[in-house]
Amino acid sequence: MKKLIQMTINDTDCEIAVRPNQTLADVLRQELGLTGTKKGCEVGECGTCTVILNGKPVNSCLVLAVQADGCSILTIEGMQTDEGLHPIQEAFIDKGAIQCGFCTSGMILSAKSLLDQNPHPDDKEVRTAISGNLCRCTGYQKIVEAIKGVNE
Ligand code: FES
Ligand code: FES
């Protein structure tokens, strides 16, 4: 039996009926069309499904949608504003920190969470912040440079 939940997603209030076993990742992608959140491993290993939930990055494949009832969620679709791309997105483009792009949504949301707390992180702090986000393409160096350069 479905349960009605309420969330604020990218500053927009949303009410939706979900199954008790539906993950937040599946509700975002399949019910709400927010396919910028990717699914890789679906067991909490790759970080590609990262969203920010009540200010903290989470693997949305490990969160049941019913657990997000009453929560505020930021997905990659909410990073862009009327003025254009978010500076973190611009930095990833400028530094060539994107190849296939599959990890990028999760990387950017982990980066946002870090930079909100620590606007000028060092190399180690960046690497720690993205340690739950796997990238099979870039070798990480350009991602680290992009994140460090956002507020320089
Ligand atoms: S899909 Fe969620 S951590 Fe891999
Ligand atoms: S750019 Fe391909 S997985 Fe990171």
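Helices, here runs of at least four residues, and strands, runs of at least two, are assigned by DSSP and numbered from the N terminus. In this predicted model, the protein has five helices and five strands.

**Whole chain**

Begin with the entire protein in cartoon view. Followed along the sequence, the elements appear in the pattern β-β-α-β-β-β-α-α-α-α. Along the principal axes, the C-alpha atoms fill a box of roughly 50 × 30 × 25 Å. The radius of gyration is 15 Å, which agrees with the value near 15 Å for a compact globule of 152 residues.

Next, display the surface. The protein exposes about 7,900 Å², and carbon and sulfur atoms supply 47% of that area. Of the 152 residues, 43% are buried.

Colour the charged residues next. There are 14 positive and 19 negative charges, and the mean positions of these two groups are 7 Å apart.

**The two domains**

Select residues 3-78 and then residues 87-149, giving each a colour: the domain assignment names them domain 1 and domain 2, respectively. How far apart do the C-alpha centres of domain 1 and domain 2 lie? The distance is 21 Å. The domains also touch, for 16 residues of domain 1 are in contact with 13 residues of domain 2.

With both domains visible, consider contacts across the chain. Among contacts between residues at least 6 apart in sequence, 53% join residues at least 24 apart.

**Helix α1**

Now select residues 24-31, which form α1. Show the side chains of Leu24, Ala25, Asp26, Val27 and Leu28, the buried residues of this helix. Which strands do the buried residues of α1 pack against? They pack against β1 (3-9), β2 (12-18), β3 and β5 (72-74). To find β3, select residues 50-53.

After α1, move to Gly33, where phi is positive, near 70°.

**Thr37**

Continue to Thr37, in the loop between α1 and β3. Is Thr37 buried or exposed? Buried means under 20% relative accessible area; Thr37 has a relative accessible area of 1%, and is therefore buried.

Finally, display the surroundings of Thr37. Leaving aside neighbours within four places in sequence, Thr37 is in contact with the following residues:

- Leu28 and Arg29, which fall within the span of α1 (24-31);
- Cys49 and Val51, with Val51 inside β3 (50-53);
- Ser60, Thr75, Ile76 and Glu77.

One of these partners, Leu28, has already appeared on this tour as a buried residue of α1.

Definitions and conventions. Residues are numbered from 1 along each chain as its sequence is written. Chains are lettered from A and ligands numbered from 1 in the order in which they are written. This is a predicted model: local features need pLDDT of at least 70, side-chain atom pairs count only at pLDDT 80 or more; totals for chains, interfaces and linings use all residues. Side-chain values use heavy atoms; hydrogens and water are left out. The radius of gyration is taken over C-alpha atoms; the globule rule is 2.2 Å times the number of residues to the power 0.38. Buried means under 20% relative accessible area, exposed over 50%, partly exposed in between (1.4 Å probe, protein chains only). Contact means heavy atoms within 4.5 Å. Accessible areas come from the Shrake-Rupley method with a 1.4 Å probe; for residues, only the protein chains shown count as cover. Lys and Arg count as positive and Asp and Glu as negative; His and the chain ends are not counted. The place of a charge is taken as NZ of Lys, CZ of Arg, CG of Asp or CD of Glu. Domain bounds come from an automatic or database domain assignment.
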